[in-house]
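Hi,

Here is the structure I promised to pass on to you. Please have a look, and then read my notes underneath.

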Amino acid sequence: MNKEKKVLTPAAERRKEFGKAFFERKTVRAGFAIILIMVFSAIFAPLVAPYDPNQQDLLNMLKGPSLAHIFGTDALGRDLLSRIIYGARASLSVGLVSTLIAGSIGITLGLTAGYLGKWVDAVIMRIMDAMMSIPVIILALFLGSILGKGLGNIMLCIGIVMMPGYARMTRGQVLAVKQLDYVTAGKIGGATRAKNALKHILPNCIAPNLVLATMNLGTAIMVEAGLSYLGMGINPPTASWGSMVSDGYRYLSNQPHIAIIPGIFIILTVWSFNVCGDALRDATDPRLRGTR
C-alpha cells in the first residue's frame, strides 16, 4: 500500500522553494555555516575563549602558534584566538546595528521622497547623490573625526555612510508602486498619505532592501576594520579585527601571523555575508533562481 503524499500548504510550499533556492550552491552553505560559527562564538565568547582577551603576559609576547596559544600571542602577550573571538562581537555588532540605522533612516527618506515627490524628492535625492559621490572610507573618516572614537559612534558613522543606498532603492520601488490600482483605491477610500504609504507602499519595499541589508553587513564590517586600522575605530583595549591588523602590521617581517590571522577572519566574514546576500537575491527573484 502506497503512503499518501503529504500535501503542503501554499505558505509551506513557498518556504520549501525558498530554502531550496537559497541553499542550492555549496558556497552559500559554506558561507552560512561560517556566519553561524561567528555568531555563536560572539554570543558565547566568555565560554569559548580560552583566555581573557585583555590579559597581558609579557613573558610570552610575540609567540607563534602553539598548543597553549593556538594562534599565538601579540606584542603584549595577549592570546590572539581569544581576541579574535571577542573581536567578532565588535565586528558583528557594528555590522548589525549600523545596517539597522542605515536601513531605518534610508527607507524613511526614500519613502518620503518617492511618495511626496516634487521639491521634497529633489532635495532629499540631491543630498543622497552628494553623499554617494564621496568614497565610503573618506566619508566615514570625516564623520568619525566629528563624532569621535567609540563603538556607538562608529555604528552611527557607518550607518550614515550606508544610508543613501537604501534611500535610492526605496524611492525607486515607491515610484513603481504608487501608481498601482490598490494604492489609488486607498486614496479614494479616504486613507491619509501616511496610512497609504505605510500600509500599501512600504511592504513592497521591504524585500529588495532586505537583500541590500544582507550585503551591507559585510560592507559595514569592512569599513569598521578600515577605520580601526587607521586609528579611528573602537577604543583600545577592546578587541577589534581591524585594530588587530593595525597592531600586527609592524611585525609583518618576523611575526606575520599577528596581522594575517585577523585579516583572514575579516575576509571570510565579509565573503560569507556577500555570498548569502547574492543567494537571498536569487531566492527572492524567480527570474534568477537556478542561475550561477
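Below is what I found on the surface, in one of the helices and among the cysteines. Please keep in mind that this is a predicted model.

I began with the surface. A nonpolar patch of about 860 Å² is formed there by Ile134, Ile137, Ile138, Tyr229, Leu230, Tyr249, Leu252, Ile260, Ile264 and Leu268. Two helices, α6 (136-147) and α12 (257-284), each give at least two residues to this patch, and α12 has the largest share with three. Leu230, another member of the patch, sits in the loop between α10 (203-229) and α11 (241-248). Its relative accessibility is 49%, so Leu230 counts as partly exposed.

Next, have a look at α2, which covers residues 26-43. With 18 residues at 1.5 Å a residue, this helix should span 26 Å, and its end C-alpha atoms are indeed 26 Å apart. Which residues of α2 are buried? They are Val28, Gly31, Ile34, Ile35, Met38, Ser41 and Ala42. These residues cover an arc of only 155° around the axis, so they lie on the same side of α2. That fits the general pattern: an α-helix has 3.6 residues a turn, so residues three or four places apart point the same way. On the face turned away from the buried side, α2 carries the exposed residues Lys26, Ile37 and Ile43.

Finally, the cysteines. The structure has zero disulfides. Cys157 counts as buried because its relative accessibility is 0%, and Cys276 is buried with a relative accessible area of 4%.

Happy browsing, and best wishes!

Conventions
Residues numbered from 1 in each chain as written. Predicted model: local features only at pLDDT ≥ 70, side-chain atom pairs only at ≥ 80, totals over all residues. Heavy atoms only, no water. Patch = residues over 30% accessible without salt bridge, like charges linked within 9 Å, V, L, I, M, F, W, Y side chains within 5 Å. Areas by Shrake-Rupley, 256 points an atom, 1.4 Å probe, with all protein chains shown as cover. Salt bridge = Lys/Arg side-chain N within 4 Å of Asp/Glu carboxyl O. Helix = DSSP H or I, 4+ residues; strand = E, 2+ residues; numbered from the N terminus. Buried < 20%, exposed > 50% of the residue type's maximum accessible area, 1.4 Å probe, protein only. Expected span 1.5 Å × (residues − 1). Arc of directions from axis to C-beta. Disulfide = S-S within 2.5 Å.
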